Amino acid sequence: MRRWLASALLLGAALLLGLFVGGRAVTTTDALLATPVLLTTDASSPMLIAFMQEVSWFGGGVPRWALALLLSAWLWRGAGRRPALLLVGTAVAANLASSLLKNIFDRPRPDLIPHLDHVSSWSYPSGHATSVTAIALAFALLAPPLWRRAAAGCAAGAVLLTALSRVMLGVHWPSDVLGGTMLGAAFALAAAAIDRRVSR
């Protein structure tokens, strides 16, 4: 019950934040938070830029789905078919929800610096943050008990690095990655709640 409640609260918070992201107050706060960490080709380390681009690469497109399938196969072997299928379903549902909300809120991308990564859609919520959070957190919650501590640590690192990379590369506002993280976590918690209920 607590996981269902947490999932609903996070989903509601992501939707509520989406209603305010176009306002001056949120945009001003976003700019204040983003400016100190932005990377530029003329002032930032090329190695740091490349590293953040690689981090971001893992959260989108083919690598995202490859990671989801790999972790699902690992779950299937260690925890059974149901958790593995729930992880795949979580990845798909979170990605679809993110794409739908982008078109509903249609927030423009930041224009603080020239983008250091390719973008092709609206800004809120971050699809990378949504997917990485959904996949990594769902894996940590659905994994066998012996795996959970390590999986939780890896999930936290993946979520944080992905969120930072999107802001540092200039392709998302901080509120975009916050909304995406909450949205992804909502789907991961829902998957864990389903798994727990079915396993009873």
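Is Trp57 buried, partly exposed or exposed? In this predicted model, Trp57 counts as partly exposed, since its relative accessibility comes out at 48%, which sits between the 20% and 50% cut-offs. Next door in the sequence, Phe58 is also partly exposed, at 47% relative accessible area.

A search for aromatic pairs across the whole structure turns up five. In one of them, Trp57 and Phe58 sit edge-to-face, with ring centres 5.0 Å apart and planes at 75° to each other. Elsewhere, Trp74, Phe139 and Trp147 come together as one aromatic cluster. Two of these names come back in the helix packing: Trp74 of helix 4 and Phe139 of helix 6 are both listed in the contact between those helices.

On to the helices themselves. Two packed helices are described by the angle between their axes and the distance between the axes. Helix 4 covers residues 61-79 and helix 5 covers residues 81-105; their axes come within 6 Å and cross at roughly 160°. Helix 4 and helix 5 are therefore roughly antiparallel, and the crossing is right-handed. On the helix 4 side, the contact is made by Arg64, Trp65, Ala68, Leu69, Leu71, Ser72, Leu75, Trp76 and Ala79. Helix 5 answers with Arg81, Pro83, Ala84, Leu85, Leu87, Val88, Ala91, Val92 and Asn95. Sorted by class, the residues of this contact come to 14 nonpolar, two polar and two charged.

Helix 4 also meets helix 6 (127-142). Here the axes come within 10 Å and cross at roughly 10°, so helix 4 runs roughly parallel to helix 6. From helix 4, the residues involved are Arg64, Ala68, Leu71, Trp74, Leu75 and Ala79, and from helix 6 they are Gly127, His128, Ser131, Ile135, Phe139 and Leu142. The tally for this contact is eight nonpolar, three polar and one charged.

Helix 5 and helix 6 make up another pairing, packed at an angle of about 160° with their axes 9 Å apart. That angle makes helix 5 roughly antiparallel to helix 6, and helix 5 passes helix 6 in a right-handed crossing. Helix 5 brings Pro83, Leu86, Leu87, Thr90, Ala91, Ala94, Asn95, Ser98 and Lys102 to the contact. Facing them in helix 6 are Gly127, Thr130, Ser131, Ala134, Ile135, Ala138, Phe139 and Leu142. This contact has 10 nonpolar, six polar and one charged residues.

Leu71 gives a handy view of how these helices meet. Leu71 belongs to helix 4, and it counts as buried because its relative accessible area is 12%, under the 20% cut-off. Setting aside residues up to four places away in sequence, Leu71 touches Leu87, Ile135 and Phe139. Leu87 is among the helix 5 residues that contact helix 4, while Ile135 and Phe139 are among those that helix 6 uses to meet helix 4. Leu71 and Ala138 lie 67 residues apart in sequence, and their C-alpha atoms are 10.0 Å apart in space.

The loop between helix 5 and helix 6 has some backbone quirks of its own. Asp106 sits in this loop and has a phi near 30°, a positive value in a residue other than glycine. Asp106 counts as partly exposed, at 39% relative accessibility. Pro125 is placed in the loop between helix 5 and helix 6 too, and the peptide bond joining Tyr124 to Pro125 is cis, with omega about -10°.

Both residues of that cis bond are in contact with Asp176, which is found in helix 8 (residues 174-199). Asp176 is buried, with a relative accessible area of 0%. Leaving out residues up to four places away in sequence, the residues Asp176 touches are Arg107, Ser123, Tyr124, Pro125 and Ser126.

Arg107 turns up again in the surroundings of Val26, a residue of helix 2 (residues 24-34). Beyond its neighbours within four places in sequence, Val26 is in contact with Phe20, Val21, Arg107 and Ser175. Val26 and Ser175 are 149 residues apart along the chain, yet their C-alpha atoms are separated by 7.8 Å.

Notes. Residues are numbered from 1 along each chain as its sequence is written. This is a predicted model: local features need pLDDT of at least 70, side-chain atom pairs count only at pLDDT 80 or more; totals for chains, interfaces and linings use all residues. Side-chain values use heavy atoms; hydrogens and water are left out. Rings of Phe, Tyr and Trp (its six-membered ring) pair if their centres lie within 6.5 Å; planes under 30 degrees apart count as stacked, over 60 as edge-to-face and the rest as tilted. Buried means under 20% relative accessible area, exposed over 50%, partly exposed in between (1.4 Å probe, protein chains only). Axes are lines fitted to C-alpha atoms, for helices over the stretch in contact, and angles run from 0 to 180 degrees between N-to-C directions. Helices (H or I, at least four residues) and strands (E, at least two) are DSSP runs, numbered from the N terminus. Angles under 35 degrees count as roughly parallel, over 145 as roughly antiparallel, 65 to 115 as roughly perpendicular and the rest as oblique. A crossing is left-handed if the near helix is turned anticlockwise from the far one by less than a right angle, and right-handed if clockwise. Contact means heavy atoms within 4.5 Å. Ala, Val, Leu, Ile, Met, Phe, Trp, Tyr, Cys and Pro count as nonpolar, Asp, Glu, Lys and Arg as charged, and the others, Gly among them, as polar.
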